[in-house]
Amino acid sequence: FIRGINHVTDYSCGELSGWMYKVTDSFPGKGPSAYKLKDKDTIEWVYTCDLGRDVGDDYYEKIKNTEKQKEWKQKQILRNKTQRKNQQERGMQIEWV
């Protein structure tokens with residue numbers, strides 16, 4: 001966690017602001033202590049005022065998409081369970097793999 005660089009600190013630009021880092025022009029999506037650098041990696045610290053969206057990070061869009069995928073999978077599971085129950089109630093034999 002970087003609190004500040006050259007007197008620019010987290011939240012200087014509002015509640016969605018702070019320092020982020022890029023490794024070789026991309027945002028790793030994890031904290032710097034969890035990232036293992038490779039040969040020839042370059043690190044750049046960038047300041048965001050909008051959770052990274054204003055500096056080219058799409059992490060939060062990916063999260064939204066992941067949440068939508070989880071929702072869709074849960075609906076599919078529920079739909080399959082409902083279909084199975086309905087078929088069993090009608091006396092149909094089913095085998096699920």
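1. Let's start with the rings. Tyr21, Tyr35 and Trp45 are joined by ring pairs into a cluster. Keep in mind as you look around that this is a predicted model. In total, the structure contains three aromatic pairs.

2. One of those pairs brings together tryptophan 19 and tyrosine 47, with ring centres 5.1 Å apart and planes at 70°, an edge-to-face arrangement. Tryptophan 19 sits in strand S3 (residues 18-23) and tyrosine 47 in strand S4 (residues 43-48), so this pair ties together parts of the chain that are 28 residues apart in sequence. Both tryptophan 19 and tyrosine 47 are buried.

3. Next comes the pair made by tyrosine 21 and tyrosine 35. Their ring centres are 6.5 Å apart and their planes meet at 70°, so this pair is edge-to-face. Again, distant parts of the chain are linked: tyrosine 21 belongs to strand S3, tyrosine 35 to the loop between S3 and S4, and the two positions lie 14 residues apart in sequence. Tyrosine 21 is buried, and tyrosine 35 is buried as well.

4. Now for the strands themselves. How do S3 and S4 pair, and over how many bridges? They run in the antiparallel sense, over six bridges. If you want a spot to check by eye, take glycine 18, whose bridge partner in S4 is threonine 48. As general background, side chains in a regular strand alternate between the two faces of the sheet.

5. Is S3 enclosed or open? Six of its six residues are buried, so the strand is largely enclosed by the rest of the structure. The cut-off behind that statement is a relative accessible area under 20%.

6. Tryptophan 19 deserves a second look. What does this residue of strand S3 touch, once neighbours within four places in sequence are left aside? Its contacts are Ile2, Arg3, Gly4, Ile5, Val8, Thr9, Trp45, Val46 and Tyr47. For a sense of scale, the C-alpha atoms of tryptophan 19 and glutamate 61 are 19 Å apart in space, with their positions 42 residues apart in sequence.

7. Follow one of those contacts back to isoleucine 2. This residue is in the segment before strand S1 (4-5). With neighbours within four places in sequence left aside, isoleucine 2 contacts Trp19 and Trp45. Its C-alpha atom is 9.7 Å from that of tyrosine 21, a residue 19 places away along the chain. Isoleucine 2 has a relative accessible area of 28%, so it counts as partly exposed.

8. On the outside, there's a nonpolar patch. Leu37, Ile43 and Trp45 make it up, and together they have about 280 Å² of accessible area. Trp45 is a link to the opening point, as it also belongs to the ring cluster with Tyr21 and Tyr35. Isoleucine 43, for its part, is in strand S4 and is partly exposed, at 47% relative accessibility.

9. What about charged pairs? Side chains of opposite charge can pair when their charged atoms come close. Searching the whole structure turns up two salt bridges. One joins the side chains of aspartate 10 and arginine 3, at 2.5 Å from N to O. Aspartate 10 has just 7% relative accessibility, so it is classed as buried.

10. The other salt bridge is between aspartate 50 and arginine 53, with 3.1 Å separating the closest N and O atoms. Is aspartate 50 buried or partly exposed? It comes out at 29% relative accessibility, so it is partly exposed. Arginine 53 is partly exposed too, with a relative accessible area of 38%.

11. Last, a backbone detail that's easy to miss. Which residues show a positive phi without being a glycine? Asparagine 6 does, at about 50°, and histidine 7 does, at about 70°. Asparagine 6 is in the loop between S1 and strand S2 (8-9), and histidine 7 lies in the loop between S1 and S2 too. Asparagine 6 is exposed, with a relative accessible area of 70%. Histidine 7 is exposed as well, at 83%.

Terms used:
Residues are numbered from 1 along each chain as its sequence is written. This is a predicted model: local features need pLDDT of at least 70, side-chain atom pairs count only at pLDDT 80 or more; totals for chains, interfaces and linings use all residues. Side-chain values use heavy atoms; hydrogens and water are left out. A salt bridge is a side-chain nitrogen of Lys or Arg within 4 Å of a carboxyl oxygen of Asp or Glu. Buried means under 20% relative accessible area, exposed over 50%, partly exposed in between (1.4 Å probe, protein chains only). Rings of Phe, Tyr and Trp (its six-membered ring) pair if their centres lie within 6.5 Å; planes under 30 degrees apart count as stacked, over 60 as edge-to-face and the rest as tilted. Helices (H or I, at least four residues) and strands (E, at least two) are DSSP runs, numbered from the N terminus. Patches are made of residues with over 30% relative accessible area and no salt bridge: like charges are joined within 9 Å, nonpolar side chains (Val, Leu, Ile, Met, Phe, Trp, Tyr) within 5 Å. Accessible areas come from the Shrake-Rupley method with a 1.4 Å probe; for residues, only the protein chains shown count as cover. Two strands pair if DSSP finds at least two bridges between them. Contact means heavy atoms within 4.5 Å.
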